[in-house]
Amino acid sequence: MDLQLTDKRALVLGASSGLGAAIAEGLAREGASVVAAARRVERIEAWRDALPADAAARVTPLRCDLGDPASVDGMLAEVGAVDILVGNAGGPPPGPATAFGREDWAKAFNGMAASLFHIASALAPGMIARGWGRILTIGSSAIEQPVPNLALSNGVRGAIAGWSKTLAGELTPHGVTVNIILPGRIHTDRVDALDAANAERQGKSPAEVAAASVASIPAGRYGAPKEFADVAVFLVSGRASYITGSMVRVDGGMIRSI
Ligand SMILES: NC(=O)c1ccc[n+]([C@@H]2O[C@H](COP(=O)([O-])OP(=O)(O)OC[C@H]3O[C@@H](n4cnc5c(N)ncnc54)[C@H](OP(=O)(O)O)[C@@H]3O)[C@@H](O)[C@H]2O)c1
């Protein structure tokens, strides 16, 4: 299938590791030009340099700290026209709802949600003018099934879901689709860190926690970043032109609701 990406320019946020890196890599391999943004530019350069030369040449690393408005505006000033925005940010620290106060909520909301909303607002007019665009946000299974002890993530991601659906209603008439992709448990640094934190909290080993987590997934394993990225690349491609306002699960069946 021709994904119709070779004339497209993408901005992928949180692209130095895990899901963001896998999506940025997948887009470059499919022929898109990719601006890959994160704080650790050296990690972007590392995965870029491991790509085949033609794909590597399509990747431009750019430093951006989504928790710093000046850094976000600096990135926007540099990035130019973008057809595809992949919204992604680091997940917040774990903890119960009662553990967090105003400052914690403001920090999590700014880093994960407000920066993304601001970036999308800045890039949407160009997409509308060209009559084509894709805005895909990496959400979490937590939007549909809140995860115990991840109160900040559960709370902020609900706001992102409301924003994304609203934006889809506004932009779809202009040829811009807006969707969310929901990871269940995809094996990245973040999942390892959460397993380690749960292990400490429960007095178990990280391997025991991971085994219990895997046992709750009908597929019987964590997903691979590439399996997740393949779906994301399709959702931002020319071929996914009639999918908008949706949340698409990539979770091996983990979410229990219909
Ligand atoms: N993996 C899963 O199964 C899963 C499940 C549910 C939800 N999620 C969510 O999906 C997102 C990606 O997860 P992941 O597993 O890929 O995590 P990851 O491997 O930890 O990657 C997080 C990415 O976000 C970037 N990032 C973090 N803070 C940033 C900041 N202030 N400014 C710019 N970039 C920042 C990191 O880059 P730098 O540190 O270089 O800036 C990194 O590239 C997270 O929000 C996570 O909570 C993941």
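**Ligand surroundings and helix α4**

Two helices, α1 (18–29) and α7 (189–202), each contribute at least two residues to the shell around the ligand, as seen in this predicted model. The largest share of that shell, three residues, is supplied by α7. In total, 29 residues surround the ligand, and the closest are Arg 40, Ala 89, Arg 157, Ile 186 and Thr 188. When the shell is divided by class, 10 nonpolar, 12 polar and seven charged residues are found.

Polar contacts to oxygen atoms of the ligand involve both backbone and side chain. A polar backbone atom of Ile 186 lies 2.6 Å from a ligand oxygen, and a polar backbone atom of Leu 19 lies 2.8 Å from an oxygen atom of the ligand, while for Arg 190 the contact is made by an N or O atom in the side chain, at 3.2 Å from a ligand oxygen. Of the 870 Å² that the ligand exposes when taken alone, 90% is buried by the protein.

In helix α4 (residues 69–79), the buried residues are Ser 71, Val 72, Met 75, Leu 76 and Val 79. Viewed down the axis of α4, these buried residues fall within an arc of 140°, and they therefore line one face of the helix. Their packing partners are β1 (9–13), β2 (33–38), β3 (59–63) and α5 (102–130), whereas Pro 69, Ala 70, Ala 77 and Glu 78 are exposed on the other side of α4. The N-terminal end of α4 is capped by Asp 68, with a side-chain oxygen 3.0 Å from the backbone nitrogen of Ala 70, and the helix is followed by Gly 80, which has a positive phi near 75°.

Terms used. Residues numbered from 1 in each chain as written. Predicted model: local features only at pLDDT ≥ 70, side-chain atom pairs only at ≥ 80, totals over all residues. Heavy atoms only, no water. Near = heavy atom within 4 Å. Polar contact = N/O pair within 3.5 Å; in protein donor to acceptor, adjacent residues only side chain to side chain. Areas by Shrake-Rupley, 256 points an atom, 1.4 Å probe, with all protein chains shown as cover. Helix = DSSP H or I, 4+ residues; strand = E, 2+ residues; numbered from the N terminus. Nonpolar A, V, L, I, M, F, W, Y, C, P; charged D, E, K, R; others polar. Buried < 20%, exposed > 50% of the residue type's maximum accessible area, 1.4 Å probe, protein only. Arc of directions from axis to C-beta. Contact = heavy atoms within 4.5 Å.
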